[in-house]
Amino acid sequence: MKKIIGIGGSLSDFSTSKYALEYALKGAQKTGAVVELIDLGKMIIPMHDTRLEMIPDDVKLLCDAVRSADALIWSTPLYHGSISGLFKNAIDWLQLLAEDEPKYLTNKVVGLICTAGGVQGMQGINSMEYIVRALRGWTFPMVVPVSNAWKTFDMNGVCEDEKVAQQLELLGKSVANASVPVVS
Ligand SMILES: Cc1cc2nc3c(=O)[nH]c(=O)nc-3n(C[C@H](O)[C@H](O)[C@H](O)COP(=O)(O)O)c2cc1C
């Protein structure tokens, strides 16, 4: 049984990037995969600091979840044409996977979602694409930029745009079913 880890969200009480991730994970779950959502808005992750000798608990949790994943789904809000600081900082901590064998995200596929106030969500997707490549992972070709996110989800996290809901579920399902060329 595959394990799919979703990483994302924001510090907002009404986080569209978290809601979008929930839809994608629902899609993954429908394939029979085990899913887990790492809600960055609920975690205590200090700024990445190479001087720190103790690894914070939530950083350990994040790294162990990534290690245990067959595949991942990342979901960030678009901030000033790129990913949020919260998201980037969490991903910077994956530097702790540098000494793993295989290292970083080797052999893992990553599905990408970016929710935007306007219509430029692809900019956040493109930023994440570079990061996944740097971490030796494989991005899934289908991506979901969510435009006008503030009116796409209601206060309870219900997606009011049927087409977006379908795309998010399809992304989750596709990521869970995907296989990547194994790099040895
Ligand atoms: C600091 C900041 C920067 C933002 N920059 C952009 C931007 O460049 N383009 C855009 O379309 N929306 C921008 N937004 C709007 C967010 O992308 C949008 O509200 C998103 O849905 C927030 O995600 P969340 O609901 O998970 O917090 C920005 C919001 C904030 C708070």
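Reader: How far is the sulfur of Cys114 from the closest cysteine sulfur, and which residue holds that one?

Author: The closest cysteine sulfur belongs to Cys159 and is 15 Å from the sulfur of Cys114, which means the two are too far apart for a bond. A disulfide here is a pair of cysteine sulfur atoms within 2.5 Å, and the structure holds 0 of them. Seen from the other side, Cys159 is in no disulfide either, with the sulfur of Cys114 as its nearest, 15 Å away.

Reader: Before I go on, what sort of model is this, and which pLDDT limits apply?

Author: This is a predicted model, in which local features need pLDDT of at least 70 and side-chain atom pairs count only at pLDDT 80 or more, while totals for chains, interfaces and linings use all residues. Residues are numbered from 1 along each chain as its sequence is written, and side-chain values use heavy atoms, with hydrogens and water left out.

Reader: Back to the cysteines: is Cys114 buried or exposed?

Author: Cys114 counts as buried, at 0% relative accessibility, and Cys159 counts as buried too, at 9%. The cut-offs, for a 1.4 Å probe and protein chains only, are under 20% relative accessible area for buried, over 50% for exposed, and partly exposed in between.

Reader: Then the packing. How many residues are in the largest nonpolar core, and which have the most contacts inside it?

Author: That core has 34 residues, and Ile7, Leu72, Trp74 and Leu94 are those with the most contacts inside it. By nonpolar core I mean a set of buried Ala, Val, Leu, Ile, Met, Phe, Trp, Tyr and Cys residues joined through side-chain atoms within 4.5 Å.

Reader: Which elements give two or more residues to this core?

Author: They are the strands β1 (3-8), β3 (71-79) and β5 (109-115), together with the helices α2 (57-68), α3 (85-92) and α4 (121-134); the largest share, 5 residues, comes from α2. Helices (H or I, at least four residues) and strands (E, at least two) are DSSP runs, numbered from the N terminus.

Reader: And what does Leu94 touch?

Author: Not counting residues up to four places away in sequence, Leu94 is in contact (heavy atoms within 4.5 Å) with Leu62, Cys63, Val66, Trp74, Tyr104, Leu105 and Leu135. Another core of 27 residues lies apart from this one, with Ile4, Ala20, Cys159 and Val175 among its members.

Reader: Which residues of α3 are buried?

Author: In α3, Phe87, Asn89, Ala90 and Ile91 are buried, and what covers the buried residues of that helix includes β1, α2, β3, β4 (82-83) and α4. In the loop between β4 and α3 you will find Ser84, which is also buried, with a relative accessible area of 3%. Leaving aside its neighbours within four places in sequence, Ser84 is in contact with Thr76, Pro77 and Tyr79.

Reader: Changing topic: how much space lies in the largest pocket?

Author: About 170 Å³, where the volume is the space filled by probe spheres set on grid points that are joined across faces, edges and corners. The search uses a 1 Å grid over the protein atoms alone: a pocket is an open set of points with protein on both sides within 12 Å along at least five of seven lines, a cavity is a set where a 1.4 Å probe fits but cannot get out, and lining residues have an atom within 4 Å of a point.

Reader: Which lining residues lie nearest its centre?

Author: Of the 14 residues that line the largest pocket, Thr16, Pro77, Tyr79, Thr115 and Ala149 lie nearest its centre. At least two lining residues come from each of α1 (16-29), β3 and α5 (149-152), and β3 gives the most, with 3. Thr16 has its place in helix α1 and is buried at 12% relative accessible area; beyond its neighbours within four places in sequence, Thr16 contacts Thr115, Ala149 and Phe153.

Reader: How many charged residues are in that lining?

Author: There are no charged residues in the lining of the largest pocket, which has 7 nonpolar and 7 polar ones. In this scheme Ala, Val, Leu, Ile, Met, Phe, Trp, Tyr, Cys and Pro count as nonpolar, Asp, Glu, Lys and Arg as charged, and the others, Gly among them, as polar.

Reader: Last one, the backbone: which peptide bond is cis?

Author: The bond from Glu101 to Pro102 is cis, with omega near 0 degrees, and Pro102 sits in the loop between α3 and β5. Asn107 lies in the loop between α3 and β5 and has a positive phi, near 70 degrees, in a residue other than glycine.
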